[in-house]
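Here is a quick walk through some helix packing and some empty space. Have the model open as you read.

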Amino acid sequence: MSTPYTAGELMIFRAAREIRDRELVFVGMRLPLLAYLLARSTHAPRAVGLFENGVLRDQPAAEPLITMSDPPNLRGARMCMGMETAMGLLQAGHVQLGFIGGAEIDRYGNLNTTEVGVDDAVVRLPGSGGACDIACLAGRLVVVMKHERRRFVERVRHVTSPGYGTGRGWRDAQGLGGGPSTVITDKAVFTFHPRTREMVVSSLHPGVTPDEVRALTGWPVVVPPDPPRTEEPSETDLAVIRRYDPEGFWSR
Amino acid sequence: METKLYTLPEAISLFVRPGDTVAMGTALESLIPFAAGHEIVRQEIGDLTLVGPISDMLFDLLIGAGCVRRVVAAWVGNVMMGTGYNFRRAVERGAPHPIEVVEHTNLTLQAALKAAAQGLPFLPTRTALGSTILERNPGLKTFRCPFTGQTLMAVSALAPDVAILHVQRADALGNAHVWGNLGVTQEAAFAAERVILVADEVVAPWVISSDPNRTLVPGFRVAAVAEARWGSHPSPCQGYTNRDDGFYRAYHGASRTREGFEAWLDRYVRGVEDHGAYVRLLRDEGRLAGVAVREHAYTVAADYGF
């Protein structure tokens, strides 16, 4: 019997697995920030973290962070720059992996963080921040978000951060490389079908059934027969996550 | 020596006018000029266009206080907590009055300020292609590169009337040292018609010239320098002030309702006479001890000798 963990901790662990050693990673905030710290502390000790505010560091900060601009993230950084240089690395194709979250995602991995709802029931969301830039310009994009029916929709109303648009060939036509490679939710891990560019189940988290994922997804999502089970975090992984998020602010 | 030193109320009343386009929060979550924002509310300067990449909490507060007509930003809210309730109320229900939102990404906002700083009509980028952000920003247009034929995104120049920048230290001439993440601070400083510096510490000019690589902007670009220790609170200022997470949480809870937000303004903004009174209030609430630097970490001095 493994150590009990939260859904958030499983997502962080699985996101960390996306980071390869020596990669330059556009880290972002919240769960991805913890995923970077976990990867850096375990299988990817030479992964370099880049933050859009201009911080570049190759060692975890000494104390937990709430935002990328918190003082512990600057102390011991390798470089503090402006956004132009950080985004320049991204735009020039030097960032292999970027993480973002989203309020709404569709079958082609397009993300909406601008506005949801219709007519007089519109809910205004904060907007892109750097998410659109990361979605357009990172080599691989990993999306980490909660799996709910209202969030997994057939077609997003606003494309704040482009995925594969309307399917295969769309990014090329827009002048975009890269694209989403993985979506990690609290229920499953998804990849994108190489031919259709549609989001399909890659593994289900322990205890999650195909029907549960279908019910929470707003399009007829493809689940392979006998889908693999998502790997679970070890005690070491959980200890690292809990060291960097002692109050469980992000991971619980 | 020509001095540009003013009190913060003087600097705001002299150099921020109703209807101005004002850049703030340019370093992202740190060095946010909250003290200046609070002074804008106290002086009831309205009809402003706010410019900034992510504007952690301050834009939401200014919107709720009724100072804002338009927001030009990539993200508006409370970074730690998510939603900015005043932003939502203004966009969804026109309360306290409707605002216009011009959407950006962090990179397009950076490029817009950079273009203005360099006297260019636009700069090319590869971002926002295929997004619907350009539907809500007339300053973004795709075009074909004249050399490669590739599709690129043109970002039109954005020159603020005034940039208000919180800095660690500045001299009385307006030469400022800033360290840490810079975000779009330098672009804003060179793009704006006027620059107001709010410094945690005013130092002698020789301190600035001892380390010119750390100088953000030369004094001749600066209109005013105001000293405000703790002036970035609740945002951090490396080496001076740590982040006050509890304050952001409390704001999120208070601003959930219009009444709660009004009570917040009465307590922390309108109800205090000036920044000095705000600092005394923070001290009385035990907040200053929580955000004071616990352990200093000085750089090794660089040698400019010859």
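## Helices 2 and 8 in chain A

How do helix 2 of chain A and helix 8 of chain A lie relative to each other: parallel, antiparallel, perpendicular or oblique? Keep in mind that this is a predicted model. Helix 2 of chain A covers residues 30–41 and helix 8 of chain A covers residues 235–244, and the two pack at an angle of about 130°. Angles over 145 degrees count as roughly antiparallel and 65 to 115 as roughly perpendicular, so helix 2 of chain A and helix 8 of chain A come out as oblique to each other. Their axes sit 10 Å apart, and the crossing is right-handed.

As for who touches whom, helix 2 of chain A brings A:Leu34, A:Leu37, A:Leu38 and A:Ser41. On the other side, helix 8 of chain A offers A:Asp237, A:Val240, A:Ile241, A:Arg243 and A:Tyr244. Sorted by class, that contact has six nonpolar, one polar and two charged residues.

## Helices 1 and 2 in chain B

Over in chain B, helix 1 (residues 8–15) and helix 2 (residues 34–42) have axes that come within 10 Å and cross at roughly 65°. This crossing, too, is right-handed.

Helix 1 of chain B makes the contact with B:Leu8, B:Pro9 and B:Ile12, while helix 2 of chain B uses B:Ala35, B:Ala36, B:Glu39 and B:Ile40. By class, there are six nonpolar residues, no polar ones and one charged.

## The second largest pocket

Now for some open space: the second largest pocket holds about 1,500 Å³. Its lining takes in 47 residues, and A:Arg30, A:Gly101, A:Gly102, A:Ala103 and A:Val144 are the ones nearest the centre. Helix 2 of chain A turns up again here, since it is one of the elements that give two or more residues to the lining, along with helix 1 (7–16), strand 5 (97–100) and helix 5 (131–137) of chain A.

The class split for this lining is 25 nonpolar, 13 polar and nine charged residues.

## One cavity

How many cavities of 30 Å³ or more does the structure hold? Just one, and the space in the largest cavity is about 30 Å³.

Residues from chains A and B line the largest cavity: A:Ser69 and A:Leu74, together with B:Ser30, B:Leu31, B:Trp179, B:Gly180, B:Asn181, B:Pro236 and B:Gln238. By class, its lining has four nonpolar, five polar and no charged residues.

Key
Residues are numbered from 1 along each chain as its sequence is written. Chains are lettered from A and ligands numbered from 1 in the order in which they are written. This is a predicted model: local features need pLDDT of at least 70, side-chain atom pairs count only at pLDDT 80 or more; totals for chains, interfaces and linings use all residues. Side-chain values use heavy atoms; hydrogens and water are left out. Axes are lines fitted to C-alpha atoms, for helices over the stretch in contact, and angles run from 0 to 180 degrees between N-to-C directions. Helices (H or I, at least four residues) and strands (E, at least two) are DSSP runs, numbered from the N terminus. Angles under 35 degrees count as roughly parallel, over 145 as roughly antiparallel, 65 to 115 as roughly perpendicular and the rest as oblique. A crossing is left-handed if the near helix is turned anticlockwise from the far one by less than a right angle, and right-handed if clockwise. Contact means heavy atoms within 4.5 Å. Ala, Val, Leu, Ile, Met, Phe, Trp, Tyr, Cys and Pro count as nonpolar, Asp, Glu, Lys and Arg as charged, and the others, Gly among them, as polar. On a 1 Å grid over the protein atoms alone, a cavity is a set of points where a 1.4 Å probe fits but cannot get out, and a pocket is an open set with protein on both sides within 12 Å along at least five of seven lines; lining residues have an atom within 4 Å of a point. Grid points are joined across faces, edges and corners, and a volume is the space filled by probe spheres set on the points.
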